[in-house]
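User: Hey, I've got a protein model open and I'm not sure where to start. Can you walk me through it?
Analyst: Sure, pull it up and ask away.

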Amino acid sequence: MRTPRIVRRCSQTLAFVLFVSILWSTTYPLHGIISAAILFQLDPLIMSLTALSQRVLLPALVLSLVILLLFVVFGRFFCGWCCPLGALIDAVAAMRRRFPLLSDQQNLRLIRPKYLVLTLLVAAAGLGVQLAWIADPVVIMARFVSLIMIPGVTASADSLFAWLIQTFGWYGAVYDLYRQLKMSLLGVKSSVFAHTVFILATVLLSAGAALFIPRFWCRACCPLGALYAVFARHPWFRRSVSSCSRCMR
């Protein structure tokens, strides 16, 4: 089972790097090749509930429906292989070597709430209120990366370069490198918003819970995972897993 796990970790890492690079490259004043909008247009939960709440047919619905069809064929490949929040949660969970194995009854009680969350989001959208932007994992991570991670990395790198240049007098190649980065990667516009603390708390709680119950957010809370599970309940291609790593719908 070690080789599939390594492959899955590589897939999660590449997907996370791509996710961050798309958001970073489209942060003002940079102009990315891939628009960050595609991250949400491929999200069937966001697209369907936005269309429902606004009573409109969005062109991007076609893309999200294609994604749902892929789940019908291949099962829930996104959750464990591509989800940026799932990748962060698994990285945190890796700090703990062993977890107690949940019984089938415990697992059943654990996974039910996310279907309730999905139902509430659909009901709210039916009443004209779009709440999926609060609970969707792609949106949660997009906000975290854009409003916390990128500003934090750029501010830290800026301070490091300033300290190196002033302390050691590196006004040659290091200063030239710093100027080039300030015109590109480190020159993105960073803003502080009032709800930044809420975003950080959401990510920390979602990831931190994995230290106590493996993939707690994914199993118990994620409405996107619940939507995917509905369409992937009887996939055309199904992978087999051992009891210690059984797939939790």
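User: Okay, helix 4 and helix 13: is their crossing left-handed or right-handed?
Analyst: Helix 4 passes helix 13 in a right-handed crossing. Before we go on, keep in mind that this is a predicted model.

User: Got it. At what angle do helix 4 and helix 13 pack?
Analyst: The angle is about 55°, and the two axes are 8 Å apart. Helix 4 covers residues 61–74.

User: What do you call an arrangement like that, helix 4 against helix 13?
Analyst: Oblique. An angle of about 55° is neither under 35 degrees, which would be roughly parallel, nor in the 65 to 115 range for roughly perpendicular, so helix 4 counts as oblique to helix 13.

User: And which residues meet there?
Analyst: On the helix 4 side you have Ile-67, Leu-68, Phe-71 and Val-72. They meet Leu-227, Tyr-228 and Phe-231 of helix 13.

User: How does that contact split into nonpolar, polar and charged?
Analyst: The contact of helix 4 with helix 13 has 7 nonpolar residues, with no polar and no charged ones.

User: Let me zoom out. How many helices and strands does the chain have?
Analyst: There are 13 helices and 0 strands. The C-alpha trace spans about 65 × 45 × 30 Å along its principal axes.

User: Back to pairs, then. How do helix 9 and helix 10 pack?
Analyst: Helix 9 is residues 137–168 and helix 10 is residues 173–182, and they pack at about 160° with axes 10 Å apart. Angles over 145 degrees count as roughly antiparallel, so helix 9 is roughly antiparallel to helix 10.

User: Is that crossing left-handed or right-handed?
Analyst: Left-handed: that is how helix 9 passes helix 10.

User: Which residues make the contact?
Analyst: Helix 9 brings Asp-158, Phe-161 and Ile-165. From helix 10 come Val-174, Tyr-175, Leu-177, Tyr-178, Leu-181 and Lys-182. By class, the contact of helix 9 with helix 10 has 7 nonpolar, no polar and 2 charged residues.

User: New topic: holes! How many cavities of 30 Å³ or more are there?
Analyst: The count is 1 cavity of 30 Å³ or more. The largest cavity holds about 70 Å³ of space.

User: What lines the largest cavity?
Analyst: The lining has 14 residues, and Cys-79, Cys-83, Cys-218, Cys-222 and Gly-225 lie nearest the centre of the cavity. Helix 5 (77–81), helix 6 (84–93), helix 12 (216–221) and helix 13 (223–231) each give two or more residues to the lining.

User: Which helix gives the most to that lining of the largest cavity?
Analyst: Helix 13, with 3 residues. As for classes, the lining of the largest cavity has 10 nonpolar, 2 polar and 2 charged residues.

User: And pockets? What's the volume of the second largest one?
Analyst: The second largest pocket has about 380 Å³. It is lined by 16 residues, and Phe-19, Leu-39, Leu-42, Phe-78 and Cys-82 are the closest to its centre.

User: Which helices supply that lining of the second largest pocket?
Analyst: Helix 1 (2–25), helix 2 (37–41), helix 5 and helix 13 each supply at least two residues. Helix 1 gives the most to the lining of the second largest pocket, with 4 residues.

User: Last one: what's the class mix in the lining of the second largest pocket?
Analyst: It comes to 15 nonpolar residues, no polar ones and 1 charged.

Note on methods
Residues are numbered from 1 along each chain as its sequence is written. This is a predicted model: local features need pLDDT of at least 70, side-chain atom pairs count only at pLDDT 80 or more; totals for chains, interfaces and linings use all residues. Side-chain values use heavy atoms; hydrogens and water are left out. On a 1 Å grid over the protein atoms alone, a cavity is a set of points where a 1.4 Å probe fits but cannot get out, and a pocket is an open set with protein on both sides within 12 Å along at least five of seven lines; lining residues have an atom within 4 Å of a point. Grid points are joined across faces, edges and corners, and a volume is the space filled by probe spheres set on the points. Ala, Val, Leu, Ile, Met, Phe, Trp, Tyr, Cys and Pro count as nonpolar, Asp, Glu, Lys and Arg as charged, and the others, Gly among them, as polar. Axes are lines fitted to C-alpha atoms, for helices over the stretch in contact, and angles run from 0 to 180 degrees between N-to-C directions. A crossing is left-handed if the near helix is turned anticlockwise from the far one by less than a right angle, and right-handed if clockwise. Contact means heavy atoms within 4.5 Å.
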